[in-house]
Structure formats: C-alpha cells, structure tokens
Amino acid sequence: MNRREFLASSAAAGAAAVPIRRLRRAAAPPWYATMRRCGQLNFNERDPLTLDVGGWAEYWASLRVNALLVNGGGIMAFYPTDVPYHHRSAFLGTRDLFGEMAAAARARSIRVVARMDCNYSWEEAVQAHPEWFERDRDGQPRRHNESTWLFKTCMFSPYFTEQMPAIYREIGKRYAVDSFFTNGWPSTGALGVCYCESCQKIYREKVGGVPPEQTDATSPLYRRYYAAFMDRLLEVWRLWDAVARESRPDAVYVGNLGGGIRVVKDLARIGQVAGWFNADHQGRAGDTPLWDCAQQGRVARSVMRGRTITNVTGAYSNSRPVWRHVAKPAAETTLWMAQTVASGMVPWFHWLGGSPEDERWRDTGRQFFAWLAAQEPHFRNTRSVADLAVLFPQSTIAFSRQGTDYLQGLYAALLQGRFVFDFVHESDLSEKTLGRYRALLVPNAAYLADEPCRQIRAYVQAGGSLLATFETSRRNQWGDARSEPALADLWGLTVAGELVGPAANSYMRIEERHPVLAGFEGTSLLPGPENRVPVRLREAGRPVLTVVPSYPAFPPEMVYPRTAHTDEPAVVLRQRGSSRVAYFPGDVERTFWRSGNPDLGRLLQNTVRWVRGDQTPPVSIAGEGLLEAFAWETEPGYALHLLNYTTPNLTWGLVDRFHPIGAQRVRFEVAAGRTIRRVEALRSGRVLPFEHDGTAVRFEVPAVVDYEVVALT
Ligand SMILES: [Zn+2]
C-alpha cells in the first residue's frame, strides 16, 4: 500500500464510527512511514571516553536526517542499566552515552532509534543463564569467531523472550525511544541449527528429529524445521513490536534483513509482520554487480506493498577484505545511496566509531542527503508506472542450490534493453497485483507452489502475457518433481526426457523470421543454452527456433553437427487475444549471464518486447550507456530515475570516478487528465524543454553523470 492508499484506506476504515478528531489522528501514517533519511554512528566500547555528542549531533543534523540510530544495548549497554547480565561498556564510567546522544538528537528534532544487538552475550551470563546460549553438538557454547569472549545467544531461548524484552522495557521507560532495531537478527540467510535445551525440545516436539545443518529442502526434517523456525521468528518479532509500543504507541520494532536477491528465509511471511523493513545491505564485494542495491529495493518492495523500507549504506570500506575505519570511494557510496532512493527505499548512512581518523566519508553523505532533503517531495512515490513484472523466485533461490544466475541474466538483459519493471513475489500473484502489468517474466522458477502456478494460469487466461524459461513450475516449492511442469499446458508442450547439459557448443537454428529474431538477419544459427529441458509440441506446429544438439568443440576436425536437423523447439511463442506466451526450454538467461554473449541478451530483449505487445510502453529511453531506470508516480507528479552504470567497475572493484553518458531521449506516458507544466532534472538543476506527444511528454536529458532524477510536474 502506498502512502496515498494508506491514507485513503485508514480513513475509509475509520469513517463509520469514529469521531472526527480521533479520525484525523488515526488516519495519520506512523512517523516512520514518512521518514526520508536516517543516520547511524555505531558506538564501540571505548567511545564513552572521548565521544563528542554535540559534534556528532551537529553532523547528523547537517544531513537533515529524520531518525538517528543510537547504540542502546544487548551485547553492550551504553547507559547505566540495571538489568542483570546486561553488560556495560568498561569505559562507561558515570556517562550515559545513549541518553546524551538521544537528548542531543531530540533537541534537533531527530527521532531516536535504539540500535540493539541480541546475538551475543558474555561469560558471566553463560554461567548464570546457560539456557540462553546456542550449543554445539557436544554441548559447548558457541564463541564469536573474532571476539572469542562473546557467546552466541539462541533465538529459541528465553534470552529472546525475557532478557531482550527486559532491556527494551528499561530503555523504553527511561528514554521513550521512537523505535528499536536489532543488528544481525533475523537476517534473510540460511537457518542455523543449535543443540541447546530449547532447540532439542523443538526438535522433539515439532520437527521429529534433529534437522540437517545445511539447507536441504529434500529432507522432511528440514521442511518442518523451516516452518518451526519461521513461526518462532515471527513470534519474537511480534513480541518485540508489542514491547516497543508499551512506552510509545507510535514506536515500532524493526529487524535486520537484507541479502539482496540471495535469501533463504521466507520474506513474504516476514513482510506480513514488519511495519518497517530494514535491508542491511551496506555495499558490495568480489564480483557482485553494481546494481545489487537496486535489486534489494525491488525484492523488499515485492513483500512490503508500500510500507517503509530502509537500506543501510556503509560509508566504510565493506569490501573483501573489510576495512571498518577507512571510507570507500565517494562515487561508490553515492551510487549505492542513489540506487537506494531510485528503487523506492529510504537511505540510512552508517559510520563506525566515534573518533574517525578518516573524515572523507562525511561530505559524501552530507552532499547527497542535503540534495535529497531539498528535493524531498519528488521522492514521495505513490506507485510504480512499470508495466512489466519480474517474478522473484524465492523458493528456487532458497532451496534449489541453482543460485541467482537466471535472475541476474534476465536482469542484465532488461537493463540493456532499458525496460522499466518491478519485482513481484511468488507468494503475491493475485489478480490485484498482476493485473497492473502487461507481462510477467519468470526467470526459471523451477520450485513453484501450486497456488502461484494457478494464479499465473489465471493471469494468462485473463489476457496477461508470460515469458518463462527452463524448469519453471517443474517442481513444487520444496523441489518435489511434478510429472509435467504445472504450466506446460500454457506452452503447449510435453517434457520428452531428462535434463540435457551442461553442454557447450549447442545451438538454436532459425526456422522462420519472427519479431523475437529482429537483428539476426545475417545468421540462421544462434548460440544455444548450456542446459535444456527436452520438449515436444503437443500439437503439430513449426517452431521458430529448433535445437541443434551439442557437438564437439575440439579439436577443429571434429567440430561439425552430428544431427542434420531436429524438430525440438528451442522456443515456443503462442498468442491468444491480447495474451502472448513465450517459453524457452533452455536456460538462455543463465547462459547469457555466464557467457555475456550479446545474441542471447538481444533474443531475451526482443522476446520481452514481443510479449508485452504493441501498446506503447509507459517510458522509453534512448541513448548510449548502461543505465537502470525507475519510473514513479509521485505526490507532486512523476519522477524518472536514471542510474548511470557505465563504468569499468560494473562487476569488479569499487567505482572511483564517474563516466558521464550523453543525451538520453525520453518519452514518458502521462495519465489521462494530467497536465505536465514543468520538466526538471533535479541533480543537474536544469529545467528541460519538453513537448507533448499524444498522451505522453517527450524531453531530452542532456547528460547523466552519476544519477539523474527528472521530475515531471
Ligand atoms: Zn538453541
């Protein structure tokens, strides 16, 4: 639900019986729903000796943050706690660092979020409350791998239901904080397996045995543990949310999520309890694509339906290896924050330690946040104008061990083709959700439950279009094989054998010309996918592309096809009324991602264009360079966000400087009855000339340095 819908629905729900004055109060969205900027200084144990509260408060005020994260406690109390076994900083002395910083923030009209850590405690607590701690198989408590004097607490233990609530209550009573946030919990990654008493009881009573330590959805024990784990996670989340509200009715508990597209836990269930989703997705390392933060925004939006999402940007160098106390390049940090806001999230700028020797990060945050604050209304999105939906295949990513290459391949093709699109979650494919889109794109959702399959079929039967690949719908959400893919009837296919591949040097032969083959006029052969499901058509027909099976690539004397011709389809293209259905039995998008062969990218882009049909797209952008675009309806009008990814550091290294791209020619569709009077590029500060073109406006963005936001009002 977006803010406007939230206002409308709250008003409608309350209208019948509630007096006007109360209605106004009830209709106001919670404070965190309109929050636009967050800051965080992460205290260390020594900070009470030297920390300049006033100086830090001034810094955060200069960023015009609405909320500040301040370390309360958990592992370490930064205030004079009276809760037993709540360990105080050894350097706290007579200071109340939390209270001082909270007061300094409040004095500057900044909300205070108590940043907690529920994941570790100390030796003295292990002695007094052995039941609070995770245990290895041999019964030993688990030490932190670096700070070995800390011990891991167990979320199934009373530490989570008694000790943490006691700490929240103390902080809530003394400081009336606006929110509680827990670092490191629950996360979206794999489930841990612990052998403490509480867990043994769960295994006996709810799981029927000790679950496997690694993700293994083939195991019935794992499946029951997954359910019990998610139940406990939500129970704790709800409890902490209720405790947060005891001292302030408008307070909220926010857990730590993130993980981008790589998730194991059930985000849809978490989305049902979360008033605020925080993505602890602070940066990238290794060969992670630059767009990782924008993807995080898309994933979170697919389960939050307009509720608040924040994303943490680490100003420090959180690469591999990590450096906590030096800044990463300003360009990388800025592009990360730009992706955060472009994808509809709220940025949260983060530094560690109160006495930095590296000060370079300060201006990076200040410049970006000050610009955001000046343009704030244009970041209040009411809806996405995208008419393409990409299914976020959570079960496949979580349980299939096939990784994220399929989604990355489709994603790269969509960026190259400059499509504007949203993610939809596999658990939210209702008519209300899918009905907004011309086409649904499904990158190998091999593990898909019955209900989403039914909803996809209903969507197609109602005139929606579909692009799917490879093993989509071949298994249920846990990976149990179906006799036929659940959606095979939509494709008019039958599976003809076992999976083929991985095999290099296979091809697709062009049998007849078709719009999906535009640009391939000089060839009748295209690179084939590495893996494929062998299929045959249920009714006689002539495939547009046929499979040329793999043949030796070495030595050259042996490189010739052993089969002259097959009638095995490499793509199926069907049309019924306004509905167009395309299916690739091969893993074309994964092969595109791994090989980078542009023919496969072009084939995917052509096919996306074909399935979405002849209707003019809501936004089209022509020009040089690689960019990612988001288009929103906003409170004042519309906003088009252009992120410039044209950099040698797309998949390696951190971006150290920008490579500006030239003119981008834009056509932007405007809703009936809406008049555009002004088009302004907010980052370069230029008012752009524009012209009306039927129901759209046309304009040219002269250049994009790092990021541009064009406001149409
Ligand atoms: Zn345990």
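Both faces of strand β27 are covered, with Y638, L640, L642 and N644 buried on one side and A639, H641 and L643 buried on the other. The structure is a predicted model. Its protein chain is divided into domain 1 (1-34), domain 2 (35-374), domain 3 (386-612) and domain 4 (619-712). The points below treat strand β27, the closed barrel, residue F181, the zinc site and the domain contact in turn.

**Strand β27 and its partners**

- Strand β27 spans residues 638-644 and is mostly covered, 7 of its 7 residues being buried.
- Strand β26 (residues 627-634) runs antiparallel to β27 and is joined to it by 7 bridges.
- A hairpin of 3 residues makes the connection from β26 to β27.
- Within this pairing, F630 stands opposite H641 of β27, and H641 is one of the buried residues of that strand.
- Strand β33 (residues 707-712) is also antiparallel to β27, with 6 bridges between the two.
- The bridge partner of L640 in β33 is V710; L640 lies on the side of β27 that also carries Y638, L642 and N644.
- In general, the strands of a sheet pair through backbone hydrogen bonds, in either a parallel or an antiparallel manner.

**The closed barrel**

- Eight strands form a closed barrel with parallel pairing, in the order β1-β2-β3-β6-β7-β8-β9-β12.
- From one strand to the next, the twist averages 25°.
- Strand β1 (residues 38-42) and strand β2 (residues 67-71) run parallel and are joined by 3 bridges.
- In this pair, G39 has L68 of β2 as its bridge partner.
- Helix α13 (residues 360-374) lies across β1 and β12 (346-352), and its direction is at about 160° to β12.

**Residue F181**

- F181 is located in strand β6, which is one of the strands of the barrel.
- F181 counts as buried because its relative accessibility is 2%, below the 20% limit for that class.
- Leaving aside residues up to four places away in sequence, F181 touches L69, V113, A114, R115, M116, V254, G255, N256, N278 and W348.
- Of these contacts, L69 falls within β2 (residues 67-71), and W348 falls within β12 (346-352).
- F181 and F277 are 96 residues apart along the chain, and their C-alpha atoms are separated by 10 Å.

**The zinc site**

- The zinc ion has four protein donors, namely the SG atoms of C154, C194, C196 and C199, which lie 2.2 to 2.3 Å from the ion.
- Along the chain, these donors follow the spacing C-x39-C-x1-C-x2-C.
- C154 and C196 link distant parts of the chain, being 42 residues apart: C154 is in the loop between β5 (150-152) and α7 (158-175), and C196 is in the loop between β6 (179-186) and α8 (197-207).
- The arrangement of the 4 donor atoms is tetrahedral because they subtend angles of 97 to 120° around the zinc ion, and the criterion requires all angles to lie between 85 and 135 degrees.
- For reference, the ideal angle for four tetrahedral donors at a metal is 109.5 degrees.
- C154 is buried, at a relative accessible area of 2%.
- C196 is likewise buried, at a relative accessible area of 3%.

**Domain 2 and domain 3**

- The centres of domain 2 and domain 3, taken over C-alpha atoms, are separated by 39 Å.
- The contact between them takes 24 residues from domain 2 and 22 residues from domain 3.

Methods. Residues numbered from 1 in each chain as written. Predicted model: local features only at pLDDT ≥ 70, side-chain atom pairs only at ≥ 80, totals over all residues. Heavy atoms only, no water. Donors = N, O, S within 2.8 Å, 3.2 Å for Na, K, Ca; no water. Tetrahedral: all angles 85-135°; square planar, octahedral: opposite > 155°, others 65-115°. Helix = DSSP H or I, 4+ residues; strand = E, 2+ residues; numbered from the N terminus. Buried < 20%, exposed > 50% of the residue type's maximum accessible area, 1.4 Å probe, protein only. Pairing = 2+ DSSP bridges. Axes fitted to C-alpha atoms, helices over the stretch in contact; angles between N-to-C directions. Contact = heavy atoms within 4.5 Å. Domains from an automatic or database assignment.
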